[in-house]
Amino acid sequence: MAVYKEVISLQSHGGTPTYINVTEKVKKAIADSGIQNGIVAVISPHTTCSVFFEEYVHDVTEDGDEFLQADLNDILDRIVPQQTSADIYRYPGQAHYDAVKEWPNYRDYLPTDDPSDLWNGDAHLRSTLLGSSCILDVDNGKLGVGTTGYVYFVDFDRCQSRKRKCKIVVIGE
């Protein structure tokens, strides 16, 4: 049994959820691994990000989101409304704000030194609902999905743009 690991760097844009099609990078990692049959895990190490498998959609909104992504945003807005004030969610509380202010890189999280910089409770909840990973088939050295099956990384954190990582692990023979 062989294991191949790769980390890819991604950039979110902030303001709205950032959807990134990582399918080609997953296919490349499978090819680079030399593994013919097994599984590939695509994993987000971030608590406001998810990885999911969906059909590629040719139609896009004026913001560049594929229609299924826009529909997902609409559904999630009904289930988990965007955090636009301190009274929508308990998170983040005062203790969390105080703890973040002690971090050496706290300006990455509190650029304006205001508690509203941390209003991303919705992003944490959305990521919890969708999950942080996706496991797919590796079949004869290729991603074992249909023609329209694509892998997406999404950063639900709207607070600011961020550098993100996505881990790809291929396991098999």
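This passage describes the sheet, the helix across it, the aromatic pairs and the largest pocket of a predicted model.

Five strands build an open sheet. Their order is β1-β8-β3-β5-β6, and the pairing is antiparallel. The edges are taken by β1 (2–11) and β6 (142–143). Each of these two has a single partner strand, so one side of each is left without a neighbour in the sheet. The partner strand β8 covers residues 163–172 and pairs with β1 in the antiparallel sense over ten bridges. Within this pairing, valine 7 has lysine 167 of β8 as its bridge partner.

Helix α1 (residues 23–33) lies across the strands β1, β3 (38–43), β5 (133–139), β6 and β8. The helix runs at about 150° to β1.

Aromatic contacts were examined next. A search of the whole structure returns four aromatic pairs. One of them joins phenylalanine 52 and tyrosine 152. This pair is stacked, at 5.6 Å centre to centre and with 25° between the planes. Phenylalanine 52 belongs to strand β4 (residues 49–55), whereas tyrosine 152 belongs to strand β7 (residues 149–155). The pair therefore ties together parts that are 100 residues apart in sequence. Phenylalanine 52 is buried, at 12% relative accessible area. Tyrosine 152 is also buried, and its relative accessible area is 1%. Both values fall under the 20% limit for a buried residue. Tyr19 joins Phe52 and Tyr152 in one aromatic cluster.

A further pair is formed by tryptophan 103 and tyrosine 109. Its geometry is edge-to-face, with 5.1 Å centre to centre and 85° between the planes. Tryptophan 103 counts as partly exposed, at 33% relative accessibility. Tyrosine 109 is partly exposed as well, with a relative accessible area of 28%.

Tyrosine 109 also appears at the largest pocket. The volume of this pocket is about 380 Å³. Its lining comprises 21 residues. Closest to the pocket centre are Tyr109, Asn120, Asp157, Arg162 and Arg164. Helix α3 (94–101) and strand β8 each supply at least two residues of the lining. Strand β8 thus has a place in both settings: it pairs with β1 in the sheet, and it contributes to the lining of the largest pocket. Tyrosine 109 likewise links two topics, as a member of the edge-to-face pair with tryptophan 103 and as a lining residue of the largest pocket.

Terms used:
Residues numbered from 1 in each chain as written. Predicted model: local features only at pLDDT ≥ 70, side-chain atom pairs only at ≥ 80, totals over all residues. Heavy atoms only, no water. Phe/Tyr/Trp six-rings, centres within 6.5 Å; stacked < 30°, edge-to-face > 60°. Helix = DSSP H or I, 4+ residues; strand = E, 2+ residues; numbered from the N terminus. Buried < 20%, exposed > 50% of the residue type's maximum accessible area, 1.4 Å probe, protein only. Pairing = 2+ DSSP bridges. Contact = heavy atoms within 4.5 Å. Axes fitted to C-alpha atoms, helices over the stretch in contact; angles between N-to-C directions. 1 Å grid on protein atoms, 1.4 Å probe; cavity = no way out; pocket = protein on both sides within 12 Å on 5 of 7 lines; lining within 4 Å. Points joined across faces, edges and corners; volume = space filled by probe spheres on them.
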